[in-house]
Amino acid sequence: MDLSRTTEARAGARGQVGTAAAPLGVARSSSSTLRGSTVVRPAPAHAAPGSSSWTPPPHLVDSTLRALSELALRLRRLRADVPETRAEASAIVRMSALTIRDAVAADAAAIATLQNALLATTAIEWTDTPHTVESRVAWIRAHQHEGAVLIAEEGGEVVGFAAYGDFRDSVRWPGYRFVVENTIHVRRDRWGTAVGRTLMEALIAHATAAGKHAMVAAVTGDNQASIRFHERLGFVEVARMPEIGAKHGRWLDLVLLQRRLDDRPAPPA
Ligand SMILES: CC(C)(COP(=O)(O)OP(=O)(O)OC[C@H]1O[C@@H](n2cnc3c(N)ncnc32)[C@H](O)[C@@H]1OP(=O)(O)O)[C@@H](O)C(=O)NCCC(=O)NCCS
């Protein structure tokens with residue numbers, strides 16, 4: 001979010017009002033550049049500016065008109081910035097209304113929409129088959145049994161979800177019962193607005209409270225956004241498996257990132 005841009009625009013326009021307007025009557029032969037616009041300052045001709053007999057020479061009239069029209073243009077741009085500033089401000093307000101809650105079966109459609117949105121165009125998920133609502137209902141149930149599915153909701157709309165479940169089958173291989181694997185998706189128009197961080201912090205707190213010792217993210221090698229995101233959340237790359245996946249006619253690497261959740265020196269008996 002770039003609030004500084006509008007602030008700068010406003011300061012620039014303000015500077016132009018104060019600086020460009022004043023020198024027009026100053027008797028000094030020079031020209032200067034103010035934020036890209038040149039203001040010509042005339043030398044005194046036959047009479048001093050301000051005297052009753054003084055008639056502005058044509059080039060001064062021209063430069064005055066040019067300066068005024070530039071000023072008007074800047075003011076128009078400034079006015080155009082105002083709605084954007086309001087939109088940015090309301091985005092901040094919306095952020096404060098973000099709710100994190102447990103998923104219910106009725107969230108299955110929203111989860112499917114979020115996942116399917118990137119299926120055809122990215123290799124984030126290693127399948128081409130769109131998720132159905134029914135499959136997501138079953139997925140929510142399974143993940144809630146093994147861990148959790150959390151929903152980020154804003155103004156009644158689902159804007160993201162995060163979940164964790166078994167890393168590997170912990171019933172068959174109980175040695176894995178203290179490690180979980182996470183997944184996360186944020187609606188594209190909300191990327192970069194801390195929805196992901198809010199979800200992940202809640203997910204990590206949930207897993208820690210459930211007695212888990214480590215969380216693993218399995219990320220496609222070229223999904224730099226997710227790798228950086230997980231690193232910012234305290235995950236560390238622990239493995240990179242070259243060319244073990246395939247989608248869209250190319251090999252895919254898998255990156256495993258791991259985050260320790262507690263400091264227990266040994267697993268409970
Ligand atoms: C990856 C994803 C979940 C990030 O969610 P987000 O809401 O945009 O992330 P946030 O705004 O909460 O950012 C949290 C941190 O990650 C960093 N981050 C997020 N996206 C980043 C990017 N593209 N590049 C670098 N860093 C990034 C932010 O700088 C931020 O750091 P900070 O909080 O320490 O300042 C989101 O982009 C997404 O849903 N992507 C598509 C699905 C996907 O790839 N899921 C992961 C599958 S493994």
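Select His 248 to begin: this residue is exposed, with 10 other C-beta atoms within 10 Å. Here a residue is buried if 20 or more other C-beta atoms lie within 10 Å of its own, exposed if 12 or fewer, and partly exposed in between, the C-beta atoms being placed from the backbone. His 248 sits in the loop between β8 (236-247) and β9. Its phi is near 55°, a positive value in a residue other than glycine. For context, most residues other than glycine have a negative phi.

The model under inspection is predicted, with local features requiring pLDDT of at least 70 and side-chain atom pairs counted only at pLDDT 80 or more, while totals for chains, interfaces and linings use all residues. Residue numbers start from 1 along each chain as its sequence is written.

**The whole chain**

Display the chain as a cartoon; 6 helices and 9 strands should appear. Helices (H or I, at least four residues) and strands (E, at least two) are DSSP runs, numbered from the N terminus. Of the 269 residues of the chain, 20% count as buried. Among contacts in the chain with a separation of 6 or more, 57% join residues 24 or more positions apart. Two residues are in contact if their C-beta atoms, placed from the backbone, lie within 7 Å.

**A second positive phi**

Move to Ala 194, in the loop between β6 and α5. Ala 194 has a positive phi of about 75° although it is not a glycine. Is Ala 194 buried or exposed? With 12 C-beta neighbours inside 10 Å, Ala 194 counts as exposed.

**Around the ligand**

Now select the 20 residues around the ligand, of which Trp 191, Gly 196, Arg 197, Ala 225 and Arg 228 come nearest. A residue is near a molecule or strand if its C-beta atom, placed from the backbone, lies within 6 Å of it. β6 (179-186), α5 (195-209), β7 (214-220) and α6 (224-232) each supply at least two residues of this shell. The most is given by α6, with 5 residues. By type, the shell divides into 11 nonpolar, 6 polar and 3 charged residues. In this scheme Ala, Val, Leu, Ile, Met, Phe, Trp, Tyr, Cys and Pro count as nonpolar, Asp, Glu, Lys and Arg as charged, and the others, Gly among them, as polar.

Keep Arg 197 selected; its place is in helix α5. Arg 197 is partly exposed, with 13 other C-beta atoms within 10 Å. Its C-alpha atom and that of Leu 233, 36 residues apart along the chain, are separated by 7.2 Å.

**The nonpolar core**

Follow α5 to Leu 199, which touches Ile 100, Leu 150, Ala 152, Gly 160, Ala 162 and Ile 184, not counting residues up to four places away in sequence. Next, colour the largest nonpolar core, which has 37 residues; those with the most contacts inside it are Leu 150, Phe 161, Ala 162, Leu 199 and Leu 203. α3, α4, β4 (148-154), β5 (157-166), β6, α5, β7 and β9 (250-260) each supply at least two residues of this core. Which element gives the most to this core? It is α5, with 6 residues. Such a core is a set of buried Ala, Val, Leu, Ile, Met, Phe, Trp, Tyr and Cys residues joined through C-beta atoms within 7 Å.

**Two packed helices**

Show helix α3 (residues 108-116) with helix α4 (residues 133-146): they pack at an angle of about 105°, with their axes 8 Å apart. The two helices are therefore roughly perpendicular to each other. The contact is made by Ala 108, Ala 109, Ile 111 and Ala 112 of α3 and by Val 133, Arg 136, Val 137 and Ile 140 of α4. These contact residues comprise 7 nonpolar, no polar and 1 charged. Axes are lines fitted to C-alpha atoms, for helices over the stretch in contact, and angles run from 0 to 180 degrees between N-to-C directions. Angles under 35 degrees count as roughly parallel, over 145 as roughly antiparallel, 65 to 115 as roughly perpendicular and the rest as oblique.

Continue along α4 to His 143. With 19 C-beta neighbours inside 10 Å, His 143 counts as partly exposed. Discounting residues up to four places away in sequence, His 143 touches Ala 148, Val 149, Ala 163 and Gly 165.

**Final stop**

Finish at Glu 153 in strand β4. Glu 153 counts as partly exposed, with 17 C-beta neighbours inside 10 Å. Glu 153 and Arg 101 are 52 residues apart in sequence and 7.8 Å apart in space, C-alpha to C-alpha.
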